[in-house]
Amino acid sequence: MDTLPTERIGHALVDLLHRSASSAEFAARLAQAQAWPDETPDKHEQIELVHKAMAIHDRLDVRQQREIGMLAVIESARDLSSRLDLPETLSLVVSRAKRLLGSQVAWLSAYDASLDGFHVLTSDGALSHGTGNMLAGRGLGIVSVVVKTRLPFTTADYLHDTRFPHDPQLDATFRDEGIAAVVGVPLLWEDEVIGLLFVADRFHRTHTAQNISILSTLATHAAVAIKNAMAFEQANAALRSAEAAHAALEHHVRNVQAAAEAHDRMTSLLAKGATLATICQSVTQFLEGSVLVLDEAGQVIARASTDGYGGTAAATYEPHGQRSDETLLAIGNSRRIGRSVLAFEAHGESCRVNAVIGGNDVLGAMLLFRQEPLDDMAIRTFERSATIVGIVLLSRERADATQRRDLSSLLRDLLSPRQDDLALLCERAERFGLDLMRPTSMLLLETHAHDAGYVVRRLRATQLLPNTLFDEINGVLTILCATTQADDVRRSLEELARQSFGVGYRGVISRPIPQPAELPTLHASLRRALPVLARIGIQGHVVAQNELALYSTLFETHDQASLSAFLEATIGTLASYDQKRGSELISTLLEYFNSNQNAKLTAERLGIHVNTVRQRLTTIEGLIGHWGNALRSLEIHVALRLWVLSKGA
């Protein structure tokens, strides 16, 4: 090889340095110089010159690597300060670490307390799906070494490295990815490893201290990013909590204000003497939904509903309906604890109940139906409304009590045998809408439960009997009305009694009387008729006085057993025959007597052939004997009418 003057070698080396030539080119120039013959002038100086140039090249290369690392660190810091998106920031850190070290795969793992391990947050360069989903336990793999020492760790051959315990699942993932060399550095925060940054290659490789140092700096940036994100989330959570508390406080203030307005409105209505219906309507305006006010027997005495309310429970409420047991239980619980209680929830609608108390007595209950739940303030508003309703009911009851005393006193004075100043009594009756100078009728009703007072309260609450005088006298409901409305009074009273007592009642209605002076005698006669009804088994029926004339004479001093014995002895065989064969001998014989013992007329009234009537009469005569005797006929006729009256009623 030709020798080169020192000046020319120097120029060549400067040119290599200027071009940032590779280490291979410098090595080639060194080999060329070393191959010169020993007698070549200045050979050793030229070889030394090449060595110096190579040292300069190495220093420049190290400086360039440092500059690249510093630029990477600066870029990472810039990302850290300018980006709020944690996943994006961590992804940039991982990509920059992979590019800076010239590695093939990189990923970042963070500690998850719920999993008690480090799971991958982001990765770059992975070929296997499992690499991005790795979970490393604290005591296995490189993680175990880094967590324990809090220092970086590198291995040129991960799968065959014995310096740490292996995780079979991680080994399988690394094997699928083809990873050989791995370096991992900790993400430290206040001496705690909160994550790890990894770079890896699919060939055996050793990393310089410079590379590991830069990688550690990037890991520190990642740790800051994670902690900043956590602090930011905590700050946001605190802000959200403060906003929620502020909203809750505003909501509470609005509720308090609404409750105060509702209370003022209710108090104002009470002071103005508003009706119960007006107060209920006001309640629905504040609470929305439907409101019912019940009396002590569960009967509705007032109702109101918000415009457009879609619930149907209030409209379909019945005192003995489907939910009556739950409602009664809730009323009892409300009375015991002194607060409202939830009675039931059905079909998207709830019913809240509050017992209405007046003094020491339960005046009824207030029911609120809603499709949305009530908060505590709304519940208190509802309970205050129930108190207002109680005051109204108590006030109305006291006003009614004065009227009741006047009505009761008038009725008792009219029924008294003395009847002081009858003209004045008639004048007082006219103030209640009853003209005693026209024909009047009297109705008496007694119940098996001896609760005529309840019927009186129901009649007053529902105002079913206008222009009448009524009250409980010695446990019996006594009603005095115009004869023209007697039938309506009788129907209304029987309907109310059936709803309240089933068939557990009996009553008698008088014939018309033209003069009020006859009232005491009439009342005494009807009172004597009631025990007769009991003796002959009448229940669930109001009987006309004319129907009882004969029976009162016969059975005023007899009991039920005597009546049963009389009926059995007279027509018992006919009853047994009808019961066994489903025949109609008793009804046929009664119709025969009512038709003046005319078989043809009997057949017409029964709608059967006259021969059928004659056949039945023959059968009857065979069972009870001949009734041609007038006394025998009267006895049988009375027995038949008693039988039909007691059984039919």
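Helices here are DSSP runs of type H or I with at least four residues, numbered from the N terminus. With that in hand, let's look around this predicted model. The chain has 649 residues, and 43% of them count as buried. Along the way it forms 20 helices and 16 strands.

**The chain as a whole**
- Take the contacts with a separation of 6 or more: 60% of them link residues 24 or more positions apart.
- About 34,000 Å² of the chain is exposed, and 52% of that comes from carbon and sulfur atoms.

**A look at helix 4**
- Helix 4 covers residues 86-101, which makes 16 residues; at 1.5 Å a residue they should span 22 Å, and the end C-alpha atoms are 23 Å apart, so the two values agree.
- Which residues of helix 4 are buried? They are Thr89, Leu90, Val93, Val94, Arg96, Ala97, Leu100 and Leu101.
- If you look down the axis of helix 4, these buried residues fall within an arc of 165°, so they line one face of the helix.
- Here's the background: an α-helix has 3.6 residues a turn, so residues three or four places apart point the same way.
- Pro87 and Arg99 sit on the other side of helix 4, and they are exposed.
- Just after helix 4 comes Gly102, with a positive phi of about 65°.

**The nonpolar cores**
- Nonpolar side chains tend to be buried together in soluble globular proteins.
- The largest nonpolar core in this model has 51 residues, and Leu469, Leu480, Leu589 and Trp627 have the most contacts inside it.
- Helix 17 (residues 585-594) gives this core its largest share, 6 residues.
- Another core, of 23 residues, lies apart from that one, and among its members are Val93, Val94, Ile194 and Leu215.
- Val93 and Val94 should ring a bell, since both are on the list of buried residues in helix 4.
- What does Leu480 touch, leaving out residues up to four places away in sequence? Its partners include Leu411, Leu414, Leu434, Met442, Leu469 and Leu519, along with Thr440, Ser441 and Thr468.

**Cysteines**
- How many disulfides does the structure hold? The count is 0.
- Cys426 has a relative accessible area of 8%, so it falls under the 20% cut-off and is buried.
- Cys481 is buried too, at 3% relative accessibility.

**Ser500 and a far-off partner**
- Ser500 belongs to helix 13 (residues 486-501).
- Is Ser500 buried, partly exposed or exposed? With a relative accessible area of 27%, Ser500 is partly exposed, because partly exposed means between 20% and 50%.
- Ser500 and Ala297 are 203 residues apart in sequence, yet their C-alpha atoms are 8.8 Å apart in space.

Conventions: Residues numbered from 1 in each chain as written. Predicted model: local features only at pLDDT ≥ 70, side-chain atom pairs only at ≥ 80, totals over all residues. Heavy atoms only, no water. Helix = DSSP H or I, 4+ residues; strand = E, 2+ residues; numbered from the N terminus. Expected span 1.5 Å × (residues − 1). Buried < 20%, exposed > 50% of the residue type's maximum accessible area, 1.4 Å probe, protein only. Arc of directions from axis to C-beta. Contact = heavy atoms within 4.5 Å. Areas by Shrake-Rupley, 256 points an atom, 1.4 Å probe, with all protein chains shown as cover. Disulfide = S-S within 2.5 Å. Core = buried A, V, L, I, M, F, W, Y, C linked by side-chain atoms within 4.5 Å.
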